[in-house]
Amino acid sequence: MFKSITRFSVRLVERYLPDPYIFVVILTLVAGVAAMWSESKTPMEVIDIWGNGFWGLLSFTMQMLLVLMAGYMLASTPAVKAILSALASLPRSPGAAIILVTFVALIADWINWGFGLVVSALFAKEIAKKVRVDYRLLVASAYSGFIVWHGGLAGSVPLTIATEGHFQASKIGIIGTGETIFSTFNLLIVLALFIAVPLVNRLMMPSEEESVYISPELLEQDAKAQEDAANAADNRPAARLENSTILAMLIGIAGLAYLFNYYVIKQGGLNLNVINFTFLFLAIVLHGNARNLLNSLNEAVKGGAGIIIQFPFYAGIMAIMVDSGLAKTLSDWFVSFATVDSLPFWTFMSAGLVNMFVPSGGGQWAVQAPVVIASAQALGADMPRVAMAVAWGDAWTNLLQPFWALPVLAIAGLKAKDIMGFCLIQLFVTGVIISIGLTYF
C-alpha cells in the first residue's frame, strides 16, 4: 500500500512538476494575480512593487552562493571526504544506505543547514559508489533531513528573537533559545522526526524493476578527473605560490584567529556571515594550498546557476506578498479562527503556505511576526511556541518548494522532479508529527 502511494506520488511529480525556474515564474504570476484580487491592486501597481523588490535579496543571494561554495569546499577537503568515505562503507544493503544517509543529513542539518545541505548531498554520492540503491530516493533522503533545520542550532527565527535589539524586542522582549530550540516541545518534535523520517524513506524504497540507479564507475570517473586536474604537473613559478602550504596557512590561521576572538573572547552569536567565514577558512586550512581550494571552488560554482537566476524572482515575490499586504491578509485569515490552544497549529499552517512564496526563514518572520505576535498576545498564547510554529512551518514546506533543494540537486546532478515525489510523502508525514508536537507536546 505504502509503495503504491509512493509510486503514484513519484509519477505525479515527475509528470507535472516543472523546472524550478518555471516554478518560480508561475509563483510570481500567482502572487501577482492574488494581490490584484485580494488587495485591490492594479496590474501596474503590482508590477511596480515586483520590479522595485526584484533586487531586494542581492546580499542574501551572495550569502547563499557562499553557503554553497564554502560548504562544498569544506566538505570536499581530504579530511571531510575521508570521514564521509568511511561512513559510506558501513551500510551493506540499500535499506541501510537510505537510513544512514537520512540520519547523517538530519544531524548535519540540525547543526547547520548550509553545511548539512552540502554534506548530505556529497555523502549520498559517496554511498552511491558503494551500494546499489535507487539514486533518486538516496538524494531525496539526503534532502529530507533539511526538515529539522529551523528547529536546530542555526534556526533563524529562534536565533533572531534571542538577539538583543531584534526588530520585535519592544513587543516580546528577548526569548532565549532555552524556550525555543532547547524547549521540551521542540526537542520532542526533533526526536520524533529523527525516528520517522528515516523510517518513511526506507518504506518508500521502490522495487528492483522501478529503481533508477547511477553507475558507480561514472561517479568514480568524475572524482578521478577532479583529482587528476588537481595533481597536474605545473612547474611555473606562479604555480609554486598556488601550491604553497605556507601561504595557505598564513591566511588560514589569520582567519581562524579572528574566529577564536569572535567566538571565545567576544562570545559572538551565530549568523550567516560568520558561518560562511568559518566554513571558508576551515576549507583554506584543510585543503592545504590555494590550488586544491580553487579546484574545489570550480566544481562548486557549477551548482550556483539556479540560485543566481531564481533568487531575484523570489525577492520580487516577497515584495508582492509584503508590500501589497497579501502576506498579512493570509496570516490574518488563518489566525482569525484560532483559539489559545490552536493558535500554534494555525500559525504553522499559515507559515507553510507563506513559505511557498517567501522561502526565507528570516524574511518570513519579518512578514508574519507582527500578525502572530499580536494574535498570541490577544489570546494569551505561549509566545515561544507560536514563534517556533512559524519556524517549523517555514521548514515544513521546503519539502515541496524546490528553492532550497537547488544546492543538493546541483551536487547530485539531478532535477527537482526526480526527488520531489518522495519528498511529497514526507510532507504529509512530517506535517502530522509537527502539528501534534506544537499542539500537544
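The paragraphs below move from the whole chain to helix 7 and its packing against two other helices.

The model is a predicted one, and its secondary structure consists of 23 helices with zero strands. Of the 441 residues in the protein, 55% count as buried, while the surface that remains exposed amounts to about 18,900 Å², with carbon and sulfur atoms supplying 67% of that area. When contacts with a sequence separation of 6 or more are considered, 81% of them involve residues that lie 24 or more positions apart.

A useful place to enter this arrangement is G114, which belongs to helix 7, the segment that spans residues 113–128. G114 has a relative accessibility of 3%, and it therefore counts as buried, the cut-off being under 20%. Leaving aside residues up to four places away in sequence, G114 touches V67 and F279. A further pairing links distant parts of the chain, for G114 and I275 are separated by 161 residues in sequence, yet their C-alpha atoms are 8.6 Å apart in space.

From G114 the view can widen to the packing of helix 7 against helix 6, which covers residues 94–111; the two axes lie 8 Å apart and the helices pack at an angle of about 160°. Because angles over 145 degrees are classed in this way, helix 6 and helix 7 are roughly antiparallel to each other, and their crossing is right-handed. On the helix 6 side the contact is formed by A97, L100, V101, V104, A105, A108 and D109, which meet W113, G116, L117, S120, F123, A124 and I127 of helix 7. By class, the residues of this contact between helix 6 and helix 7 comprise 11 nonpolar, two polar and one charged.

Helix 7 also packs against helix 5, residues 78–88, and here the axes come within 9 Å and cross at roughly 50°. Helix 5 is therefore oblique to helix 7, and the crossing of this pair is right-handed. In this contact L84, S85, L87 and A88 of helix 5 meet V119, L122, F123, E126 and I127 of helix 7, and the residues involved divide into seven nonpolar, one polar and one charged.

Read together, the two residue lists show where the contacts overlap on helix 7: F123 and I127 appear in the contact with helix 6 and also in the contact with helix 5.

How values were computed. Residues are numbered from 1 along each chain as its sequence is written. This is a predicted model: local features need pLDDT of at least 70, side-chain atom pairs count only at pLDDT 80 or more; totals for chains, interfaces and linings use all residues. Side-chain values use heavy atoms; hydrogens and water are left out. Helices (H or I, at least four residues) and strands (E, at least two) are DSSP runs, numbered from the N terminus. Buried means under 20% relative accessible area, exposed over 50%, partly exposed in between (1.4 Å probe, protein chains only). Contact means heavy atoms within 4.5 Å. Accessible areas come from the Shrake-Rupley method with a 1.4 Å probe; for residues, only the protein chains shown count as cover. Axes are lines fitted to C-alpha atoms, for helices over the stretch in contact, and angles run from 0 to 180 degrees between N-to-C directions. Angles under 35 degrees count as roughly parallel, over 145 as roughly antiparallel, 65 to 115 as roughly perpendicular and the rest as oblique. A crossing is left-handed if the near helix is turned anticlockwise from the far one by less than a right angle, and right-handed if clockwise. Ala, Val, Leu, Ile, Met, Phe, Trp, Tyr, Cys and Pro count as nonpolar, Asp, Glu, Lys and Arg as charged, and the others, Gly among them, as polar.
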